[in-house]
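The following paragraphs are meant to be read with the model open alongside them, moving from individual positions to the ligand and the nonpolar cores.

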Amino acid sequence: MSRSLLVVGGGIAGASAAYWAAQSGWRVTVVDAGQAKASEVPSALLNPVRGQSGRVPPRAAEGLAVTWALIRQLTEQGYTVPHGRTGVLRPVPDAATQARFQRNLADLPHEWWLPERAGDLASGWHAALHLPEGGWLDGAALCRALLAASGAQEVTGKVVAAAEGRARLADGRELRADALLWCGGSFGAERRLSVDASQIQSHRAGTLLTLAQAPGGQPLSFGAYLAPAAQGGVLGATFERPAAAWSPPESTLSSLAWLLDKGQRLRPLAGLDVTGSWSGTRLSGLRAGQVGASEWELSGLGSKGYLLGPLLARELVSGL
Ligand SMILES: Cc1cc2nc3c(=O)[nH]c(=O)nc-3n(C[C@H](O)[C@H](O)[C@H](O)COP(=O)(O)OP(=O)(O)OC[C@H]3O[C@@H](n4cnc5c(N)ncnc54)[C@H](O)[C@@H]3O)c2cc1C
């Protein structure tokens, strides 16, 4: 009889874990409250060079390779995961920023382009870093495909207590398994299994404006990002003030004005129609490992959920 795994949370952490666990012969159940899934970001970048510091996280190249391989496997199995392995462009404003980025690049494939080569880039940029291994993907579609391909039993419900392979749902149901993996993201952080004050986690909300047209063929990112999406494109960023707890994300007019300004600095937005908006909250402060006798946690993926989530989930599952 195969062992059973209960995964709490069906975002990219939980869906990847369910997929890898099923491949290793586990019987998997995924329970999800259906709330506040950061992973449903309409277009997520696979970008190994982070933020305005240009930091390259450890294992970024490995994470990129795993996520692209996963999408290829799912596509071969007949699932549709809109994505573009287009490369990512990171314009930099000055020579000092270029030098800072360059120091981190090591053997990551890259090229520096003159701004003119970067299509519709707004004026005033010093250079653009082209990362050919990067791209974009549809977050919700990838999670859906992973869950479907895993064959996991999917349960809708909110876990209110979990211990020793058991989870109690808000409606009184109880789920049991040989092992329990907590992947509750920002929304689930208050109910996580481990409470370790030395590992501080913080919540940060952001917003994407969905656009009727794709803003160019490849993502552009500095301060905010413009990227193609399954339909049209997006302009987005995670820019609200970090908070100690999750609260429903909301975008104020001033934060939308900030976002539009950042977008406009990347490329002229005239002619792009905004069709809607999507807001989510990500949790920073990585926790990946065992937190109890038969309990594990994968959370705090920050802004690198799609870059590192599948890789870290595969490793965690192999050690269950
Ligand atoms: C605006 C924005 C832009 C982003 N852009 C990118 C990007 O370009 N590239 C990138 O790699 N990442 C990006 N991210 C980050 C990425 O979305 C997150 O790192 C990732 O989605 C986190 O995945 P997760 O599975 O840990 O959590 P989530 O996706 O939040 O999933 C957690 C799930 O757990 C469930 N849950 C929680 N508590 C309970 C409970 N008690 N009982 C049952 N279910 C529960 C929730 O319903 C939810 O579905 C972005 C995030 C935001 C907000």
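In this predicted model, alanine 106 counts as exposed because its relative accessible area is 66%, which is over the 50% that the term requires. Alanine 106 sits in the loop that runs between α3 (residues 95-105) and β6 (residues 111-113), and its phi is near 40°, a positive value in a residue other than glycine. Most residues other than glycine have a negative phi.

Glutamate 164 also has a positive phi, in this case near 45°, and lies in the loop between β10 (159-163) and β11 (166-169). With a relative accessible area of 65%, glutamate 164 is exposed.

Another loop, the one between β6 and β7 (127-131), holds aspartate 120, and this residue is classed as partly exposed because its relative accessible area is 48%, a value that falls between the 20% and 50% limits. Leaving aside residues up to four places away in sequence, aspartate 120 touches Leu266, Arg267 and Pro268, and with arginine 267 there is a polar contact of 3.3 Å between the two side chains. The C-alpha atoms of aspartate 120 and proline 215 are 8.7 Å apart, although 95 residues separate them in sequence.

Two strand residues illustrate opposite degrees of exposure. Threonine 275 belongs to strand β18 and counts as exposed, since its relative accessibility is 56%; beyond the residues up to four places away in sequence, threonine 275 touches Thr210, Leu211 and Ala212. Its C-alpha is 9.8 Å from that of glycine 233, a residue 42 places away in sequence. Serine 4, by contrast, is in strand β1 (residues 4-8) and counts as buried because its relative accessibility is 11%, which is under the 20% limit. The contacts of serine 4, again without residues up to four places away in sequence, are Trp26, Arg27, Ala177, Asp178 and Ala179.

Strand β18 leads on to the ligand, for β18 (274-292) is among the elements that each supply at least two residues of the surrounding shell, together with α1 (12-23), β2 (27-32), β3 (44-46), β14 (202-211) and α6 (305-318). There are 42 residues around the ligand, and those that come nearest are Asp32, Ser39, Leu45, Val159 and Gly302. By class, this shell comprises 21 nonpolar, 17 polar and 4 charged residues. Polar backbone atoms also approach oxygen atoms of the ligand: a backbone N or O atom of glutamine 35 lies 2.9 Å from one such oxygen, a polar backbone atom of alanine 13 is 3.0 Å from a ligand oxygen, and for a backbone N or O atom of isoleucine 12 the distance is 3.2 Å. The protein covers 97% of the 1000 Å² of accessible area that the ligand has on its own.

What remains is the packing of nonpolar residues. In soluble globular proteins, nonpolar side chains tend to be buried together. Here the largest nonpolar core has 54 residues, of which Leu142, Leu298 and Tyr306 touch the most other members. Leucine 298 shows how such a position is surrounded, since apart from residues up to four places away in sequence it touches Ala13, Leu181, Trp182, Cys183, Leu286, Arg287, Ala288, Gly309, Leu312, Ala313 and Leu316. A second core, separate from this one, consists of 28 residues and includes Leu105, Ala118, Ala224 and Leu269.

Methods: Residues numbered from 1 in each chain as written. Predicted model: local features only at pLDDT ≥ 70, side-chain atom pairs only at ≥ 80, totals over all residues. Heavy atoms only, no water. Near = heavy atom within 4 Å. Polar contact = N/O pair within 3.5 Å; in protein donor to acceptor, adjacent residues only side chain to side chain. Areas by Shrake-Rupley, 256 points an atom, 1.4 Å probe, with all protein chains shown as cover. Helix = DSSP H or I, 4+ residues; strand = E, 2+ residues; numbered from the N terminus. Nonpolar A, V, L, I, M, F, W, Y, C, P; charged D, E, K, R; others polar. Core = buried A, V, L, I, M, F, W, Y, C linked by side-chain atoms within 4.5 Å. Buried < 20%, exposed > 50% of the residue type's maximum accessible area, 1.4 Å probe, protein only. Contact = heavy atoms within 4.5 Å.
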